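Me: Got a minute to go through this one with me? I'd like to start with the ligands and then move on to the overall fold.
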Amino acid sequence: MKATFRGGVHPAHGSKRPTQALATRDFVSDTVQIVMNMNIGAPSKPCVKKGDHVKVGQVIGEPVGFLGLPVHASVSGEVVAVDAIPYLTGDMVQSVTIKNDFQDEWEELHPLGNVEKVDPAQIIPAIKAAGICGMGGASFPTHVKLTIAPGKKCEYVLANGAECETHITCDDRLMQENATRVVDGLRAVMRALNVSQGIIGIEDNKPAAIAAMQKACQGRHGVRVQVMKTKYPQGGEKQLIKVLTGREVPSGGLPIDCGCVVVNVGTCAAIADAIIDGKPVIDRICTVTGAVRSPANLRLRIGTITEDIIGECGGYSTDPGKIFFGGAMTGMCLPNDQLPMAKSTNGIVVFTKEEAVSAEESPCIRCSKCVDACPIGLNPYDMKIFADAEKWDVCKKKHVMDCMLCGACAFICPARRWLTPSFKIAKQKIAEQAKKEAAAK
Ligand code: SF4
Ligand code: SF4
């Protein structure tokens with residue numbers, strides 16, 4: 001029997017995955033605009049100026065603070081602007097715009113070579129230097145995730161190939177087309193953390209990826225594929241850990257609290273690129289689908305503008321209603337198509353005007369479907385009452401901070417209650433309050 005977790009839902013549009021059979025192709029645009037806040041943590045600081053010539057892989061943004069990462073030029077050419085633009089949340093962020101000269105002139109790279117032979121002490125610094133953050137959408141700096149706190153011990157490294165989000169197939173294609181790199185990256189992490197067990201979790205709706213990864217694991221030390229049931233949100237860290245190891249992350253805890261580190265398969269491939277080739281994150285695979293004429297899996301240079309990407313896919317098939325970075329369940333809605341994609345942009349999904357209409361909320365009918373769907377055993381209808389009343393302390397007691405905003409409860413709710421947006425606000429308010437309290441001490 002295939003392993004699975006409690007709760008979860010089956011979004012119908014997720015099973016169609018129209019781009020699943022589409023091989024990845026490259027698209028390089030004539031201008032990129034690279035934002036400096038691509039990872040969780042303080043934004044990087046631009047270190048180039050208008051008029052500079054830059055090479056591919058050159059550092060154009062320096063890391064700031066503990067969570068900081070360098071940002072690299074994704075094309076060679078002239079810097080035509082260094083300025084602030086409104087980004088996803090509406091906040092102004094610094095960006096560097098480069099006019100591509102199409103010479104693809106690279107900065108000198110410093111490869112470390114075979115992942116099985118490299119000095120393990122060199123692996124995490126190389127991951128930081130390559131600017132790697134969670135490529136599955138989380139954008140957490142990978143070198144920080146791999147820095148294990150004193151007293152903790154990692155026993156399993158889990159490669160997340162679930163890709164449970166609706167519409168998105170970029171990890172599926174990556175595993176089919178570049179399986180060895182994924183295993184190389186997983187092995188690099190295992191060696192860096194001195195761990196002997198690595199498991200690649202893949203949902204059973206990706207048979208070609210499963211076959212490719214099983215083949216790539218042959219003869220590699222301590223790694224194996226585990227097939228999981230297709231169910232949303234199978235790719236949530238807590239669900240993945242439970243299914244692959246039987247362990248549970250404690251409330252308010254992290255994967256390392258139960259001896260696990262989870263790394264997305266795209267992140268694994270980026271790690272392998274950094275170790276074997278010395279290549280920083282300058283591109284990634286992105287699924288473009290929904291209301292576009294020719295859906296595609298594109299390998300894009302970081303900073304490619306959404307409008308150019310849609311143009312490469314034949315343009316909109318109808319008037320767009322909403323554009324998301326990421327899938328329809330957890331993606332971020334764009335204010336317009338002039339924004340550039342970033343390191344964690346695994347998908348661009350366009351909704352038609354009809355699809356984009358938000359259903360009216362109606363009163364709760366106490367059916368408890370949301371309780372059955374919640375993969376971590378929360379009581380969404382109850383939390384919603386106190387979130388609407390702005391009783392943040394009560395929300396906290398009801399464990400809203402454990403909510404991972406997966407949207408499974410909202411998806412299943414027959415009353416179309418706006419559950420997830422309420423929990424997002426509650427989490428923000430509680431975090432703000434905690435910050436204020438900490439500052440006052
Ligand atoms: S959004 Fe939160 S409350 Fe709703 S199902 Fe997901 S984890 Fe549970
Ligand atoms: S699924 Fe919706 S209607 Fe049913 S109990 Fe939950 S919030 Fe209420």
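Reply: Sure. This is a predicted model. Helix 11 (369-373) and helix 12 (380-388) each give at least two residues to the shell around ligand 2.

Me: OK, and which residues come nearest to ligand 2?
Reply: C364, C367, C370, Y381 and C413, out of 13 residues around ligand 2.

Me: How does that shell split into nonpolar, polar and charged?
Reply: Around ligand 2 there are nine nonpolar residues, one polar and three charged. Cysteine counts as nonpolar in this scheme, so C364, C367, C370 and C413 belong with the nonpolar ones.

Me: Now ligand 1. How many residues surround it, and which are the closest?
Reply: Ligand 1 has 15 residues around it, and the closest are C374, C403, C406, A408 and C409. Two elements give two or more residues to that shell: helix 14 (408-412) and helix 15 (419-440).

Me: Which element has the largest share there?
Reply: Helix 15, with three residues of the shell around ligand 1.

Me: And the classes around ligand 1? What are the numbers?
Reply: The shell has 13 nonpolar and two polar residues, and no charged ones. For ligand 2, on the other hand, three charged residues are in the shell.

Me: Switching topic: where do the domains run?
Reply: The domain assignment puts domain 1 at 1-26 + 111-357 and domain 2 at 369-440.

Me: How far apart are the C-alpha centres of domain 1 and domain 2?
Reply: They lie 26 Å apart.

Me: How many residues are in contact between domain 1 and domain 2?
Reply: On the domain 1 side 15 residues, in contact with 16 residues of domain 2. The domain 1 side of that contact has six nonpolar, seven polar and two charged residues.

Me: Let's zoom out. How many helices and strands are in the chain?
Reply: There are 15 helices and 17 strands.

Me: What does the radius of gyration say about the chain?
Reply: It fits a compact globule, because 441 residues would then give a value near 22 Å and the chain has 21 Å. Along the principal axes, the C-alpha trace spans about 60 × 55 × 50 Å.

Me: What percentage of the residues count as buried?
Reply: 50% of the 441 residues.

Me: Last one: what share of the contacts links residues 24 or more positions apart?
Reply: Such pairs make up 72% of the contacts in the chain, taking those with a separation of 6 or more.

Technical notes
Residues numbered from 1 in each chain as written. Chains lettered and ligands numbered in written order. Predicted model: local features only at pLDDT ≥ 70, side-chain atom pairs only at ≥ 80, totals over all residues. Near = placed C-beta within 6 Å. Helix = DSSP H or I, 4+ residues; strand = E, 2+ residues; numbered from the N terminus. Rg over C-alpha atoms; globule rule 2.2 N^0.38 Å. Buried ≥ 20, exposed ≤ 12 C-beta atoms within 10 Å, placed from the backbone. Contact = placed C-beta atoms within 7 Å. Domains from an automatic or database assignment.
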